[in-house]
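Trainee: Please take a close look at one part of this model, the packing between neighbouring helices. How are the helices set against each other, and what kinds of residues make up their contacts?

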Amino acid sequence: MSDAQTVPAKAPLFTKKALIRLIIPLVIEQFLLMTVGMADTVMVTSSGEAAVSGVSLVDNINNLLIQIFAALATGGTVIVSQYLGNQDLSSARKAAKQLLYTVTAVSSALMALALIFRQHILSLVFGSIEPTVMHSALDYFLSTALAYPFMAVYNAGSALFRAMGNSKVSMFNSLIVNIVNITVNAILIYGFGMGALGAGIGTLVSRIVAAVVILVLLQKKTNALRIPKLFRPELHFGMVKRILALGIPNGLENGLFQVGKLLVLSLITSFGTNAVAANAIANSVAGVINVPGQATGLALITVVGQCMGAKEPEQAVSYTKKLMAVTYVTMGVMCLTLFLIAGPLVTIFNLSPQSADMAAEVLRWCAIFTMLFWPLAFTLPNSLRAAGDVVFTMTVSLLSMFIFRIGFSYLLGADWGLGLHLLGVWIAMFIDWIVRDAAFVIRFLQGKWKSLQVI
């Protein structure tokens, strides 16, 4: 009997039940997180257009920074997941502590810069702003900037629970964030007429509560990643370097991706108010059908990370294929539904007939291309990231964004007599997805990522 025949196969690292327990709460959490960002804008409408505009402008900046915090958390999650897969609990806890220290330091520095230069930042990014809008924006920026460290700690804590395979905690914490945010908003905006400042304070209070809750839960004795002496300074620069080596490329990718979206949005504004309105509604609806893929992508960080830490790359491949199949089925159902109801759906947003027609057309195209190409472009690369292949994913994403999405947006959106305009911009986005698909699928099948060393 050969040696290969005598070596017993290792048991699967994740059962079907474990995967379900990980993914379902992540889906719910992603829906809850979408409502957090919408609450401030919706509730502040009672304070007038200047307040709404101020909140909207600052949210563009805040979303960029939240992406950076999430990227750092992802870098830490990869390290921690691999240590857990390797059953090195001591190193996993050490990495978890360094992740919390790192995100706190980075977010505190960004908070200080935002507080000191917030007016300069707003003027630099958005140019000349009406005084009433600037006043609201400065108020909202002040209070939300104070929340940056708490946002970062919450993101890191949630990522650590996901690394342990427990996504229920972050789901319930997201629910708490929504309840606190909406409650404080209602009191300060409707009760005290504080407008944008009230919305910002609601954000600040809810993020403080979320950060405190996640840290308290993290310290429960039953948690594998319970960090003893959390508040006693302890720096391990080698571990921090590993976290940043994964987090910085992710941060650059996410940050510049948001910059690219802003460049495309500036082009769409030249198409007129109808196109801007149609694009905004189409983006909001399209974001909903992406939720299963986003949730699965977060799950892949944990699953593949633990597989790679356990030196089980073939299990990483197997789980990736299974979870990608689940993503295609769930998103496929949602996309087919969207294709059929796009027309009636856009009518609930009180758009003009021209805007509604444009939004419905874009959504039908989006439903088809999302069903076919989105998961490979945005869910699959998380398997590569979990293995430490972050430089490749960053390079592909940025090149594809700036060459194909932005380049073709200006090409197809131009007035060539084809009447594409807004649809042309969306077709450019679909081309970007297809290019990403080709690069990520080839990289995944080549298998070079399976030999990378992170820990």
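Mentor: Helix 12 and helix 13 run roughly antiparallel to each other, because an angle over 145 degrees counts as such and theirs is about 170°. In this predicted model, helix 12 covers residues 313-346, and its axis lies 9 Å from that of helix 13. The contact of helix 12 with helix 13 is made up of 21 nonpolar residues, four polar ones and one charged one.

Helix 13 also packs against helix 16. Helix 13 spans residues 353-378 and helix 16 residues 422-446; the angle here is about 10°, and the axes are 9 Å apart. Helix 13 is therefore roughly parallel to helix 16. By class, this contact of helix 13 with helix 16 holds 19 nonpolar residues, one polar and three charged. On the helix 13 side, the residues include Trp365, Phe369, Phe373, Trp374 and Phe378, and also Glu361 and Thr370. From helix 16 come, among them, Trp426, Phe430, Trp433 and Phe440, together with Arg436 and Asp437.

Nonpolar side chains are also found at the surface, in another part of the model. Ile248, Leu252, Leu256, Val259, Leu263 and Phe402 make a nonpolar surface patch of about 450 Å². Helix 9, residues 237-269, gives the most to this patch, with five residues. Leu263 is one of the patch residues and is located in helix 9.

Terms used:
Residues are numbered from 1 along each chain as its sequence is written. This is a predicted model: local features need pLDDT of at least 70, side-chain atom pairs count only at pLDDT 80 or more; totals for chains, interfaces and linings use all residues. Side-chain values use heavy atoms; hydrogens and water are left out. Axes are lines fitted to C-alpha atoms, for helices over the stretch in contact, and angles run from 0 to 180 degrees between N-to-C directions. Helices (H or I, at least four residues) and strands (E, at least two) are DSSP runs, numbered from the N terminus. Angles under 35 degrees count as roughly parallel, over 145 as roughly antiparallel, 65 to 115 as roughly perpendicular and the rest as oblique. Contact means heavy atoms within 4.5 Å. Ala, Val, Leu, Ile, Met, Phe, Trp, Tyr, Cys and Pro count as nonpolar, Asp, Glu, Lys and Arg as charged, and the others, Gly among them, as polar. Patches are made of residues with over 30% relative accessible area and no salt bridge: like charges are joined within 9 Å, nonpolar side chains (Val, Leu, Ile, Met, Phe, Trp, Tyr) within 5 Å. Accessible areas come from the Shrake-Rupley method with a 1.4 Å probe; for residues, only the protein chains shown count as cover. A salt bridge is a side-chain nitrogen of Lys or Arg within 4 Å of a carboxyl oxygen of Asp or Glu.
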